[in-house]
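Got your viewer open and a selection box ready? Let's walk through this one stop by stop, picking residues as we go.

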Amino acid sequence: MRAVVMKRYGGPEVLKVEDVPEPGVEPEHRRIEVTRSGVNFADLLVREDDYLTSVPLPFVPGNEVVGRSDGERVAALMRGGGYAQVSRARLATTFPVPDDIDDETALALTLQGQSAWHLLHTVLRVRSGETVIVPAAAGGVGSLAVQLAKRAGARVVAMAGTPEKRAFAAELGADAVVDSRSGTLADDLAEAADGGADAALEMTGGDTFRATMDALAPLGRLAVYGGAATMETTIDTRELMSTGKSVQGFWLPLLYDNRHTLTEAAHDLFAAVRSGELRVPPVTVYPLTEAARAQEDLRARRTVGKVALDPGR
Ligand SMILES: NC(=O)c1ccc[n+]([C@@H]2O[C@H](COP(=O)([O-])OP(=O)(O)OC[C@H]3O[C@@H](n4cnc5c(N)ncnc54)[C@H](OP(=O)(O)O)[C@@H]3O)[C@@H](O)[C@H]2O)c1
């Protein structure tokens, strides 16, 4: 089968399509014939060896797929092995896809949908009437988080890096939209949050983390789930005490042994699509042979919504 293989860490040039043996499938796994592989921001960090942990080389990147398994349409989460024609996933993280949900919608709702859902409902426990800050609001996680926060009754202050992305975030329902590249981000966010936000998503680090913390009201909650600009961000615990603000981390793989909570989110995400409360933005599909270009576009902040690979091309 064909797969993208990374034999060393580095730039996009280290991603090569090769013929490799299919992965071994243990009894606790399902073999999946992949129709779409998800491309996620963490894939770039893994490639650059700048993620939470290193991976063993050679490595097939990719942490989510949608495809066919024993005649059933499934979506699955895994830690590596997704950029391939055949993948494997644990039974615990493989889910049937309902007939009325197409493959690309299911893919968008898998890693990024689960992340947006659990950030808002499991970590931040967003309530109706609260103000929530959502970064990269036109991106994979962000475009879903804007809509899920609105569905929970929150007021959404979104951030996005271009006028087109900001217009898209407003179309998705954001009540205020701020330029994430602004030199006055702290002031812009504070003004848009008008009296302070109750909760915030934070995936960038550095100055953006600082500006987001400052835009929180006393006792506000912030969920850290990435470090797109820098992983080196520190906080003085005396600030947490004097403001009552809280910072909680989130890493989706922590839930991979908890099938119940993943299933609950999947059902709710599918229901939100069915009811028209959640719109999955168009999915941009690259051939497997262009995985490097897909990752470069994601890195350069050129993408909107979900980025995927077609292993058949
Ligand atoms: N912890 C977890 O379990 C988990 C799970 C899923 C995703 N994540 C994190 O969530 C974030 C979004 O992931 P995604 O896959 O949905 O990606 P995405 O939002 O589709 O794309 C990344 C977006 O981040 C924004 N950004 C801000 N600063 C950036 C920088 N220095 N470099 C590149 N992009 C920057 C850009 O939007 P603007 O141009 O609009 O600012 C860019 O389009 C990432 O940080 C990712 O690591 C974490």
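## First stop: a helix

Select residues 111-123, which form helix H3, and pick out Gln 112 inside it. Keep in mind that you are looking at a predicted model. Is Gln 112 buried or exposed? It counts as buried, because its relative accessibility is 9% and the cut-off for buried is under 20%. To see what surrounds Gln 112, show its contacts beyond four places in sequence: Val 39, Asn 40, Glu 64, Gly 140, Val 141, Leu 144 and Lys 306.

## Zoom out

Now display the whole chain as a cartoon. You should find ten helices and 15 strands. The radius of gyration is 19 Å, close to the 20 Å that the globule rule gives for 313 residues, so the chain is as compact as a globular protein of that length. Along the principal axes, the C-alpha trace spans about 55 × 40 × 35 Å.

Switch on a surface next. The accessible area comes to about 13,400 Å², and carbon and sulfur atoms own 50% of it. Of the 313 residues, 54% count as buried. If you like contact maps, take those contacts with a separation of 6 or more: residues 24 or more positions apart account for 66% of them.

Colour by charge, and you get 34 positive and 43 negative charges; their mean positions are 1 Å apart.

## Into the cores

In soluble globular proteins, nonpolar side chains tend to be buried together. Here, the largest nonpolar core has 52 residues. Which of its members touch the most other members? Select Leu 120, Val 146 and Leu 252.

Stay on Leu 252 and show what it touches, skipping residues up to four places away in sequence: Leu 77, Leu 111, Gln 114, Ser 115, His 118 and Leu 262. Then look for a second, separate core, this one of 17 residues, with Val 178, Leu 189, Ala 192 and Phe 209 among them.

## A strand residue

Go to strand E12, residues 216-224, and click Ala 223. At 0% relative accessibility, Ala 223 counts as buried. Draw a C-alpha to C-alpha distance to Leu 119: you should get 7.0 Å, for a pair 104 residues apart in sequence. Leu 119 is also among the contacts of Ala 223 beyond four places in sequence, along with Val 123, Leu 124, Ala 200, Leu 201, Glu 202 and Gln 248.

## Backbone oddities

Last leg: the torsions. Most residues other than glycine have a negative phi, and most peptide bonds are trans. Three spots here are worth a click.

- **Leu 57 and Pro 58.** The peptide bond joining them is cis, with omega about -10°. Pro 58 sits in the loop between helix H1 (41-47) and strand E4 (64-69).
- **Ala 136.** Though not a glycine, Ala 136 has a positive phi of about 45°. Find it in the loop between strand E8 (131-134) and helix H4 (140-151). Its relative accessible area is 31%, so Ala 136 is partly exposed.
- **Asp 194.** This residue, also not a glycine, has a positive phi of about 45°. Its loop runs between helix H6 (185-193) and strand E11 (197-202). Is Asp 194 buried or exposed? Asp 194 counts as exposed, because its relative accessibility is 63% and the cut-off for exposed is over 50%.

Notes: Residues are numbered from 1 along each chain as its sequence is written. This is a predicted model: local features need pLDDT of at least 70, side-chain atom pairs count only at pLDDT 80 or more; totals for chains, interfaces and linings use all residues. Side-chain values use heavy atoms; hydrogens and water are left out. Helices (H or I, at least four residues) and strands (E, at least two) are DSSP runs, numbered from the N terminus. The radius of gyration is taken over C-alpha atoms; the globule rule is 2.2 Å times the number of residues to the power 0.38. Buried means under 20% relative accessible area, exposed over 50%, partly exposed in between (1.4 Å probe, protein chains only). Contact means heavy atoms within 4.5 Å. Accessible areas come from the Shrake-Rupley method with a 1.4 Å probe; for residues, only the protein chains shown count as cover. Lys and Arg count as positive and Asp and Glu as negative; His and the chain ends are not counted. The place of a charge is taken as NZ of Lys, CZ of Arg, CG of Asp or CD of Glu. A nonpolar core is a set of buried Ala, Val, Leu, Ile, Met, Phe, Trp, Tyr and Cys residues joined through side-chain atoms within 4.5 Å.
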